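Me: I am new to this structure, and I would like a close look at one part of it, followed outwards step by step into its surroundings.

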Amino acid sequence: MGLASADPVDDIPAGLESFYHQQLDWKPCNDAVLDAAGARCAGVVVPLDYNRPDARKLTVAISRIPATDPARRRGIMLSNPGGPGGPGLGMMVDLRDRLTPDVRAQYDLIGMDPRGIGRSDPMKCALPLPSMLFSAGYDAFGYARDATLAAALAASCVLPDREKAQFITTRNTARDMDVIRGAFGEREVNYYGGSYGTYLGAVYTQMFPQHSDRFVLDSAIDPDRYWIGTYQDMGAVNEAGLDDWAIWAARHDADYHFGSSGPQVRAFVEDMIRRAATHPIIGNGYLIDEHTVPVMLLALLSNPHKNTNLAEVVRLIADAVSGLPIDMEQLKANISGPVALDASGMAAVMCGDKAAPRDPAWYRRNIERVRASQPVFGAFANNITACAFWPEPIEPPTAVHNPTPALILQATRDTRTAYQQGLALHQDLTASRMVTLADTRVHGILRADLSHCVNDVVNTYFRDGILPGADLTCQRDPNSLPD
């Protein structure tokens with residue numbers, strides 16, 4: 001299994017032969033990190049609409065870091081960093097450091113900017129928002145602002161190129177992955193995906209089970225709750241994550257002065273957001289108000305190594321709404337993540353994958369229902385988005401249920417994909433095994449210095465194809481998280 005076949009790629013859908021048999025033209029990536037890693041890049045031509053392969057085309061950008069031992073090479077490992085909206089062309093440069101030498105010897109590591117994102121004919125909504133996700137704030141006026149903004153974003157994405165906007169979907173990206181498989185002359189795909197990338201991977205196993213080999217799905221999404229349910233589940237787990245961070249901040253009260261106990265720190269944060277609602281700050285293209293501050297906090301709660309960054313952000317915002325001058329560039333530096341999500345691509349994928357409720361009152365009711373129990377993040381997790389104003393999806397969402405073997409990784413206190421989401425995907429992939437990282441607030445558990453237990457299981461699976469005999473629980477390594 002997994003070995004490149006000398007025979008022509010089989011079971012190609014009618015009319016797609018030229019795409020599956022295309023020759024890839026490898027060139028320098030013109031990216032300092034990729035080029036330094038020895039990667040080469042190519043463009044894979046795919047149909048915009050797979051039902052009309054002779055019509056409009058897109059080019060999907062991919063990168064390849066070759067297997068280090070050609071004699072032991074067993075195939076390709078595709079990848080996706082999450083989002084949706086995350087460019088993945090350079091993902092494997094980082095991932096390879098978590099793979100052992102005997103795994104790197106066996107696989108060409110393939111990065112990919114999914115269709116509509118990054119270098120892959122990107123979506124370009126006319127309204128240049130930094131995000132399509134906001135918190136609804138406290139009152140009807142704030143919610144109306146978000147609903148109006150969501151409608152404007154949808155129109156700015158769809159009206160310039162409705163056809164393209166409707167075909168930037170997960171199912172089509174899965175089809176693109178299979179074309180990439182064909183262009184490499186491989187019978188099977190190996191895969192590592194994180195967050196949204198677990199959903200993409202699960203969809204591929206449902207659509208192309210005969211071509212799915214070794215799949216690792218890190219911080220998984222429940223396909224049945226994608227995407228609205230996934231965000232709704234973020235509310236409670238981020239409230240718990242904020243409490244966890246508040247305990248850490250209380251231990252460092254001498255540095256930050258938010259309070260000497262967890263409840264005092266939480267009270268400080270909640271008061272800061274209320275003050276941001278009455279004292280919004282605009283600077284260097286950034287808006288600080290009740291709609292944006294919860295999103296800034298949520299962005300940093302997914303990794304305890306960002307505890308200090310989050311403390312700096314809280315300090316800067318608190319100073320700003322108190323009328324003190326702050327360094328906006330310092331604020332932006334602290335909230336910047338390793339993978340910038342593209343609002344245009346995110347909107348196209350999420351809204352094109354699954355229809356959202358149209359009635360703005362539905363979202364408002366959900367917000368008010370959780371406001372008492374989720375005072376910081378409930379108005380984010382249940383807010384209206386551009387998807388309420390998007391055209392109907394071109395095809396139904398994928399119902400995932402199959403016996404494809406896979407390794408599912410999940411942290412018990414993940415703030416992005418709640419633990420129960422991983423459990424649900426584990427049930428959907430009936431031959432999967434699940435590795436739980438205990439008592440850890442982190443999103444993405446395959447990390448260089450977090451848990452040798454997790455890393456050993458993943459590398460064993462990629463190297464030998466051996467899943468654990470049963471689900472297992474791993475602990476994080478001593479001193480792997482900040483005090």
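By class, how many nonpolar, polar and charged residues does the lining of the largest cavity have?

Reply: The lining of the largest cavity has 9 nonpolar residues, 4 polar residues and no charged ones (Ala, Val, Leu, Ile, Met, Phe, Trp, Tyr, Cys and Pro count as nonpolar, Asp, Glu, Lys and Arg as charged, the others, including Gly, as polar). This is a predicted model, in which local features need pLDDT of at least 70 and side-chain atom pairs pLDDT 80 or more, while totals for chains, interfaces and linings use all residues. Residues are numbered from 1 along each chain as its sequence is written, and side-chain values use heavy atoms, without hydrogens or water.

The structure holds 5 cavities of 30 Å³ or more, and the largest of them has a volume of about 120 Å³ (on a 1 Å grid over the protein atoms alone, a cavity is a set of points where a 1.4 Å probe fits but cannot get out, and lining residues have an atom within 4 Å of a point; points join across faces, edges and corners, and a volume is the space filled by probe spheres set on them). Its lining comprises 13 residues, of which Tyr231, Phe380, Ala381, Asn383 and Thr385 are the closest to its centre. Two or more lining residues come from each of two elements, H9 and helix H17 (378-381) (helices, H or I, of at least four residues and strands, E, of at least two are DSSP runs, numbered from the N terminus). Helix H9 gives the most to this lining, with 3 residues, and it can serve as the thread for the rest of the tour.

Helix H9 also borders an opening of another kind, the second largest pocket, to whose lining it gives the most, with 4 residues (a pocket is an open set of points with protein on both sides within 12 Å along at least five of seven lines). This pocket has a volume of about 280 Å³. It is lined by 17 residues, with Asp244, Arg251, Arg476, Leu481 and Pro482 lying nearest its centre. Here the lining has 8 charged residues beside 5 nonpolar and 4 polar ones, whereas the lining of the largest cavity has no charged residues.

Aromatic contacts come next. A search of the whole structure finds 16 aromatic pairs (rings of Phe, Tyr and Trp, the last by its six-membered ring, pair if their centres lie within 6.5 Å; planes under 30 degrees apart are stacked, over 60 edge-to-face, the rest tilted). Tyrosine 196 and tyrosine 199 form one of them, and the pair is tilted because the ring centres are 6.3 Å apart and the planes stand at 45°. Both tyrosines lie in helix H8 (residues 196-207), 3 residues apart, which is about one turn of the helix. Tyrosine 196 and tyrosine 199 are both buried (under 20% relative accessible area with a 1.4 Å probe and protein chains only; over 50% is exposed, and partly exposed lies in between). Tryptophan 245 and phenylalanine 258 form another tilted pair, at 6.1 Å centre to centre and with 40° between the planes. This pair links distant parts of the chain, 13 residues apart, since tryptophan 245 belongs to helix H9 (residues 228-251) and phenylalanine 258 to the loop between helix H10 (253-256) and helix H11 (262-278). Tryptophan 245 counts as buried because its relative accessibility is 0%, and phenylalanine 258, at 4%, counts as buried too. Ring pairs join Trp245 and Phe258 with Trp248, Tyr256 and Phe268 in a cluster.

Going back along the chain from H9, tryptophan 227 is found in the loop between E6 and H9, where a cis peptide bond with omega of about -10° joins tyrosine 226 to tryptophan 227. Serine 219 lies in that loop as well; although not a glycine, serine 219 has a positive phi of about 70°, and with a relative accessible area of 1% it is buried.

Beyond the loop, strand E6 (residues 212-218) pairs with E5 in the parallel sense over 5 bridges (strands pair if DSSP finds at least two bridges), and glycine 193 stands opposite leucine 217 in E6. Strand E5 (residues 189-194) has 6 of its 6 residues buried, so the rest of the structure largely encloses it. Its two faces are both covered, with Val189, Tyr191 and Gly193 buried on one side and Asn190, Tyr192 and Gly194 buried on the other. Strand E5 also pairs with strand E3 (residues 75-80), in the parallel sense over 4 bridges, and there methionine 77 stands opposite asparagine 190 in E5. After E3, in the loop that leads to helix H3 (91-95), one finds proline 84, which a cis peptide bond with omega of about -5° joins to glycine 83.
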